Amino acid sequence: MYTVRITLLAALLVPIVTCGTQISTPALLDAESVLADKQSPVIISPASTGGGRATNLKATLIWATKIPARYYEVEVATDAAFQNPLSGSPFRVEAPTTELALTLPDAVRYHWRVRTNYNAPGVWSVGYFDAMNANVHVYCASTETT
């Protein structure tokens, strides 16, 4: 039983240390390696399913860390097709930072998406949130007495 385990361990180590070369941890975790996670980052907040609120026109977008990301690209727009981007979008956020604080121009719905530097084109995690300003809006149904 021990022989099998030693043999398997030796078989796993041979490809890494063959021909007198050693593979460093950064090389092993490089975006092109077998170990790289090619999925786009998971959105944490505001939740990807929406419903988040950015009060006083301030939002902090947060997503999960991806290894071996060097940076994240974040796009924010007022439409789901990202044809009306926020000024400065797309934003580049250097890893290991996984959040972006924004001051928003208007109290409207915003759509956002995030990807890593190694994701294929079109591979994004997408979410949306509603921005609110400091105004209080009250709805009164139309009646003859008002």
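**Aromatic and charged side-chain contacts**

The structure holds three aromatic pairs. Before I go through them, a reminder that this is a predicted model.

Take Y110 and F129 to begin with. Their rings are stacked, with 5.7 Å between the centres and 25° between the planes. That angle counts as stacked because the cut-off is under 30 degrees. In sequence the two residues are 19 apart, Y110 sitting in strand β7 and F129 in strand β8, which covers residues 125-131. Are these two residues buried or exposed? Both Y110 and F129 are buried.

Next, the cluster. W63, Y72 and W112 come together as one aromatic cluster.

Now the charged side chains. The count of salt bridges is five.

Two of them can be taken together. E73 pairs with R115, and the closest N and O atoms are 3.5 Å apart. E73 belongs to strand β4, residues 71-77, while R115 belongs to strand β7, residues 109-116, so that this contact links parts of the chain 42 residues apart. E75 pairs with R113, at 2.5 Å from N to O. Here again one partner, E75, is in strand β4 and the other, R113, is in strand β7, so the salt bridge ties together parts 38 residues apart in sequence.

How accessible are these four residues? E73 has a relative accessible area of 21% and is partly exposed. R115, at 10%, is buried. E75 is buried with 15%, and R113 is buried with 19%. The cut-off matters for E73 and R113: buried means under 20%, so R113 at 19% is classed as buried, whereas E73 at 21% is classed as partly exposed.

R113 has a further contact. Its charge lies over the face of F82, 4.0 Å from the ring centre.

Then there is R92, which meets E94 in a salt bridge at 2.8 Å, N to O. R92 is exposed, at 54% relative accessible area, and E94 is partly exposed, at 43%. Besides these pairs, salt bridges with shared partners join R53, R109 and D130 into one network.

Which ring does R92 lie over? R92 sits over the face of Y71, at 3.7 Å from the ring centre.

To recap the arginines with two contacts described here: R92 has its salt bridge to E94 and its position over Y71, and R113 has its salt bridge to E75 and its position over F82.

Definitions and conventions:
Residues numbered from 1 in each chain as written. Predicted model: local features only at pLDDT ≥ 70, side-chain atom pairs only at ≥ 80, totals over all residues. Heavy atoms only, no water. Salt bridge = Lys/Arg side-chain N within 4 Å of Asp/Glu carboxyl O. Helix = DSSP H or I, 4+ residues; strand = E, 2+ residues; numbered from the N terminus. Buried < 20%, exposed > 50% of the residue type's maximum accessible area, 1.4 Å probe, protein only. Phe/Tyr/Trp six-rings, centres within 6.5 Å; stacked < 30°, edge-to-face > 60°. Lys NZ or Arg CZ within 6 Å of the ring centre and 35° of its normal.
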